[in-house]
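Here's a walk through this one, from the charged surface to the nonpolar inside. Have the structure open as you read.

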Amino acid sequence: IDFEEIREHCLEKPGVTEGFPFGEDVLVFKVAEKMFLLTNLATQPPSFNAKCDPERALELREEYDNIQPGYHMNKRHWNTVVLDDTIADAEIYGMIDDSYALVVQGLPKAKRPVA
């Protein structure tokens, strides 16, 4: 999986926008102005931060060496995922989907995107 595939996956979701609020290297994906995924485009190997249920975050960190507490984020609720082909694509897409769903669930009903 490469970052362009991740970008396309994010942008397919209802209400998603992308931008560079933290400078030209940090691409952020938001739903209703709330972040659900971000990446530093200059980092090698590529990685991204995704929101995660705290219990699931711990499980993922135990299962995969390439998943760490979220860099520069609330480490209880965010993971940093390094893309080096050791994590199945389906698992990566699942983490992105879960992050999006968690953010949408936290939105007031009036701000939730309609699928």
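A patch of negative charge sits on the surface, made up of Asp2, Glu5, Glu8, Glu12, Asp84, Asp85 and Asp89. Patch members have over 30% relative accessible area and no salt bridge, with like charges joined within 9 Å; a salt bridge here is a side-chain nitrogen of Lys or Arg within 4 Å of a carboxyl oxygen of Asp or Glu. Keep in mind that this is a predicted model, where local features need pLDDT of at least 70, side-chain atom pairs count only at pLDDT 80 or more, and totals for chains, interfaces and linings use all residues. Residues are numbered from 1 along each chain as its sequence is written, and side-chain values use heavy atoms, leaving out hydrogens and water.

Take Asp85 from that patch: it lies in the loop between strand S6 (78–82) and helix H3 (89–105). Asp85 counts as exposed because its relative accessibility is 69% (exposed is over 50%, buried under 20%, partly exposed in between, with a 1.4 Å probe and protein chains only).

Now to the inside. The largest nonpolar core (buried Ala, Val, Leu, Ile, Met, Phe, Trp, Tyr and Cys residues joined through side-chain atoms within 4.5 Å) has 25 residues, and Ile6, Phe36, Leu37 and Phe48 have the most contacts inside it. Helix H3 gives this core its largest share, 6 residues. There's also a second, separate core of 5 residues, including Val26, Val28, Leu38 and Met73.

Back on helix H3, you'll find Asp97. With 29% relative accessibility, Asp97 counts as partly exposed. Its C-alpha atom is separated by 14 Å from that of Trp78, 19 residues apart along the chain.

Definitions and conventions:
Patch = residues over 30% accessible without salt bridge, like charges linked within 9 Å, V, L, I, M, F, W, Y side chains within 5 Å. Areas by Shrake-Rupley, 256 points an atom, 1.4 Å probe, with all protein chains shown as cover. Lys, Arg positive; Asp, Glu negative; His and termini not counted. Charge placed at Lys NZ, Arg CZ, Asp CG, Glu CD. Helix = DSSP H or I, 4+ residues; strand = E, 2+ residues; numbered from the N terminus.
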